[in-house]
Amino acid sequence: MRSIRIGRLAGIPIGFQPLWLAIVALIAWSLGAAYYPDRAPGIAPLAAYALGLLSALLLFASILLHELGHSLVARRHGVEIEEIDLWLLGGVARMKGQPRTGGDELRFAIAGPAVTLAIVVVFGLVALALPASTPDAIVALVGYQLFVNAAILVFNLLPAFPLDGGRVARAAIWMRSGDLQRATALAAQIGRGFGYLMIGLGVFGAAAGAFGGLWLAVVGVFVIVAAKAEEGGLRVRTAFEGREAGRFVSFPAVTASAEISVEQAVERLFVPYRYTAYPVIEAGRPVGLIDASHVERVPPARRATTTVRDAAILDPELLIGEHQDVAELLERPAFQRVGRAVVHSDRGEVGVISITDVNRALRAIELSSR
Ligand SMILES: [Zn+2]
């Protein structure tokens, strides 16, 4: 799912998944309906819901600071941050590229929990410093932040890769063995174990009436899926390191002129050639690509008046030379999202590389190295 951008912090784009709004609303509602009336008897319903919303937004800010901690440390060690994305179970700082050493990974992994620990300490001190005359609602507000941040801290430090604790574990194994692949496999295995444990405990808890157990089970599933994805990602990176994009493309591709209409593109390209994607050429140079999904997005009545340029995706991240390293291309979020990129050769030919091509090649590479 695409995230909604809300701005930048320290130059890093911040976004959230649409579903996150539902989570914020759910937290605000449950706090307003139960927590605040419980902790501050006699509170006006409107005030309780307003405090619920404020608490949810403060939680949002805490998670953002945690991710910013990871991001700023990563950036200081030369790993660019694509964006910070808030989603169902918290936040994620998407890195462009990978930590180069176990020590780097250890520093990135620990930076987030360190920020959360600082937040816990601050709210703890505030809670201690509140005078006895403080209204119950304010005490409850501070108490909630203290509680959720402590929960985030403990949860993130579980050694369940890819949670922060699991990354710390991987970094430690990596530093000792010098073997990233082995460290990842081991950390992913521990992560999977924890994932199954969480599902078991969660289902058991839910069956025993603790409804929050379902949440734990969902997180367990997430941990198992993410551990597998991380392992697979590393396998792919290892296979493609140092391999050039040009080897996985057939030149020259059939191209689409930027200025023709979408209708013309359908008639002249999509129907006769039946490829799924075409490089878009403007003034003799590739500027982007158009695929069937871009055409589908233009209502049929407007296809005659919409140009290929308007319908196509014109992301410079998706324009690469034939010597582009495939492992690096696979890391690009734009490539992961679109699944294709335009490759131009030194001789001026243009082609398309797709994730499907890369996967096919991966199978061949693995067959030959066995
Ligand atoms: Zn973290």
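**View 1. Irregular arrangement of donors around the zinc ion in the predicted model.** The four donor atoms around the zinc ion subtend angles of 53 to 148°, so the arrangement is irregular; four donors would count as tetrahedral if all angles lay between 85 and 135 degrees, or as square planar if opposite donors were over 155 degrees apart and all others between 65 and 115. Coordination is by His66 (NE2), His70 (NE2), Asp164 (OD) and Asp164 (OD), at 2.0 to 2.7 Å. Donors are N, O and S atoms within 2.8 Å of the metal (3.2 Å for Na, K and Ca), and water is not among the atoms, so sites may look incomplete.

**View 2. Zinc donors along the chain.** The spacing of the donors is H-x3-H-x93-D. Because His66 lies in helix α2 (residues 45-76) and Asp164 in helix α5 (residues 164-177), the pair ties together parts that are 98 residues apart in sequence. Helices are DSSP runs (H or I, at least four residues), numbered from the N terminus. His66 is buried at 4% relative accessible area, and Asp164 is buried at 7% (buried: under 20%, 1.4 Å probe, protein chains only).

**View 3. Crossing of helices α1 and α4****.** The axes of α1 (residues 18-39) and α4 (residues 136-156) come within 10 Å and cross at roughly 130°, which makes α1 oblique to α4. Oblique covers angles outside the classes under 35, over 145 and 65 to 115 degrees. Contact (heavy atoms within 4.5 Å) involves residues including Ile27 and Leu31 of α1 and Ala140 and Tyr144 of α4.

**Notes.** The model is predicted: local features need pLDDT of at least 70, side-chain atom pairs count only at pLDDT 80 or more, and totals for chains, interfaces and linings use all residues. Residues are numbered from 1 along each chain as its sequence is written, and side-chain values use heavy atoms, with hydrogens and water left out.

Methods:
Four donors count as tetrahedral if all angles lie between 85 and 135 degrees; four count as square planar and six as octahedral if opposite donors are over 155 degrees apart and all others between 65 and 115; anything else is irregular. Helices (H or I, at least four residues) and strands (E, at least two) are DSSP runs, numbered from the N terminus. Buried means under 20% relative accessible area, exposed over 50%, partly exposed in between (1.4 Å probe, protein chains only). Axes are lines fitted to C-alpha atoms, for helices over the stretch in contact, and angles run from 0 to 180 degrees between N-to-C directions.
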